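Welcome! Here is a short tour of a protein model, moving from the whole chain to a handful of its residues.

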Amino acid sequence: MMKKAVLLSLMLLMVSAFIMAQTMNTTNPQAKAVVDKAIAAISQNAYEGKYTITFVGPDEKTKQTVKGEVKLWKEKFYYHLADVEMFYDGKTEWTYIRDLNEVSITEPTAEELGNDSPMMMMRGYGKSHRVDFDPVPSDDNYYYVSVYPTNHSLDYFRIQLVVNKKNYMLRSIKMSQRNGDRITLLFDALTMIPNPTLELFTFSKESHPKVTVTDLR
């Protein structure tokens, strides 16, 4: 369950990469330009930060909020959400469950990585989307842009991006699903990592005494 939540946060966070590849038929070039600049802003450097994911059910009564941490550097990632940490150094993936002190190790294929890595997942979609500004006008500080899939069989029908007007960094991402669920990812902070190293995206067995290792490579 928690791993599913982690993967969802990955997908939401990196949906901008998906949009970049799928917005050839946008209806609003100005909105597409905002998205492209947001993609460029987050792709130029390594970043780390904290975020909050809020799940709201169709009845408005079901609500869950979880805080997490993230590090991103090109295809590499580190995610921490609740008791799960995920590391990917570009070749090897580690999924560590803190409460159990267990880690599983894999070297996923591109297809397998698509289940855990939103970058690979989004490359596989191959469907077009319509991009436009929200009906509610953007305020002085943020652009509000929505992405609508033309493939109506997808689980979601709208993704809203809130983008800072000054630096084009993402403030929040909100996914509206066809079953009525809404998932919002709000960045509390996202700062550049000045000198990223591979160790940031690699699980250290030495730092986790008595860890149970399941090596699936």
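## Buried or exposed

A residue counts as buried when its relative accessible area is under 20%, as exposed when that area is over 50%, and as partly exposed in between. Glu-85 has 7% relative accessibility, so Glu-85 counts as buried. Please keep in mind that this is a predicted model.

## The chain as a whole

The protein chain has five helices and twelve strands. Of its 217 residues, 48% are buried. The chain exposes about 11400 Å², with carbon and sulfur atoms supplying 52% of that area.

If you look at contacts between residues at least 6 apart in sequence, 52% of them join residues at least 24 apart.

## Nonpolar cores

Which residues have the most contacts inside the largest nonpolar core? They are Tyr-51, Ile-159, Leu-161 and Val-163, in a core of 37 residues. Helix H3 (residues 29-43) gives this core its largest share, namely seven residues. There is also a second, separate core of nine residues, and Trp-94, Tyr-96, Ile-105 and Phe-201 are included in it.

Val-163 is a good place to zoom in on the largest core. You will find Val-163 in strand E9 (residues 156-164), where its relative accessible area is 1% and it is buried. Leaving aside residues up to four places away in sequence, Val-163 touches Val-34, Ala-38, Asn-141, Tyr-142, Tyr-143, Tyr-168, Met-169 and Leu-170. One of these neighbours, Tyr-143, is 20 residues apart from Val-163 along the chain, with 5.1 Å between the two C-alpha atoms.

## Salt bridges

Side chains of opposite charge can pair when their charged atoms come close. The structure holds four salt bridges, and three of them are described here.

Glu-69 and Lys-50 meet through their side chains in a salt bridge, at 3.5 Å from N to O. Glu-69 belongs to strand E2 and Lys-50 to strand E1 (residues 46-56), so this pair ties together parts that are 19 residues apart in sequence. Glu-69 is partly exposed, with a relative accessible area of 31%, and Lys-50 is partly exposed too, with 46%.

Arg-98 forms a salt bridge with Glu-85, and their closest N and O atoms are 2.9 Å apart. Because Arg-98 lies in the loop between strand E5 (93-97) and strand E6 (102-106) while Glu-85 lies in strand E4 (residues 84-88), the pair ties together parts that are 13 residues apart in sequence. Arg-98 counts as partly exposed at 42% relative accessibility, whereas its partner Glu-85 counts as buried at 7%. Another salt bridge joins Arg-217 and Asp-215, with closest N and O atoms 2.7 Å apart. Here Arg-217 counts as exposed at 55% relative accessibility, and Asp-215 as partly exposed at 41%.

## Lys-71 and His-80

How far is Lys-71 from the nearest side chain of opposite charge? That side chain belongs to Glu-48 and is 4.0 Å away; Lys-71 is buried yet has no salt bridge. Lys-71 is found in strand E2 (residues 63-73). Apart from residues up to four places away in sequence, Lys-71 touches Tyr-47, Glu-48, Lys-76, Phe-77, Tyr-78, Ile-193, Leu-200 and Phe-201. Among these, Phe-201 is a member of the second core.

His-80 sits in strand E3 (residues 76-81) and is buried, with a relative accessible area of 12%. A polar atom of the His-80 side chain lies 2.9 Å from the backbone oxygen of Ala-82. Beyond four places in sequence, His-80 touches Tyr-51, Gly-68, Glu-69, Glu-85 and Arg-98. So what links this list to the salt bridges, given that a contact means heavy atoms within 4.5 Å? His-80 touches both Glu-85 and Arg-98, the two partners of one salt bridge, as well as Glu-69, which pairs with Lys-50.

## A loop residue: Asp-59

Asp-59 lies in the loop between E1 and E2 and is partly exposed, with a relative accessible area of 43%. Its side chain reaches the backbone nitrogen of Thr-62 at 3.1 Å. Along the chain, Asp-59 and Gly-180 are 121 residues apart, and 8.2 Å separates their C-alpha atoms.

Methods. Residues are numbered from 1 along each chain as its sequence is written. This is a predicted model: local features need pLDDT of at least 70, side-chain atom pairs count only at pLDDT 80 or more; totals for chains, interfaces and linings use all residues. Side-chain values use heavy atoms; hydrogens and water are left out. Helices (H or I, at least four residues) and strands (E, at least two) are DSSP runs, numbered from the N terminus. Buried means under 20% relative accessible area, exposed over 50%, partly exposed in between (1.4 Å probe, protein chains only). Contact means heavy atoms within 4.5 Å. Accessible areas come from the Shrake-Rupley method with a 1.4 Å probe; for residues, only the protein chains shown count as cover. Lys and Arg count as positive and Asp and Glu as negative; His and the chain ends are not counted. A polar contact is a pair of N or O atoms within 3.5 Å; within protein, one must be able to donate a hydrogen and the other to accept it, and residues adjacent in sequence count only if both atoms are side-chain atoms. A nonpolar core is a set of buried Ala, Val, Leu, Ile, Met, Phe, Trp, Tyr and Cys residues joined through side-chain atoms within 4.5 Å.
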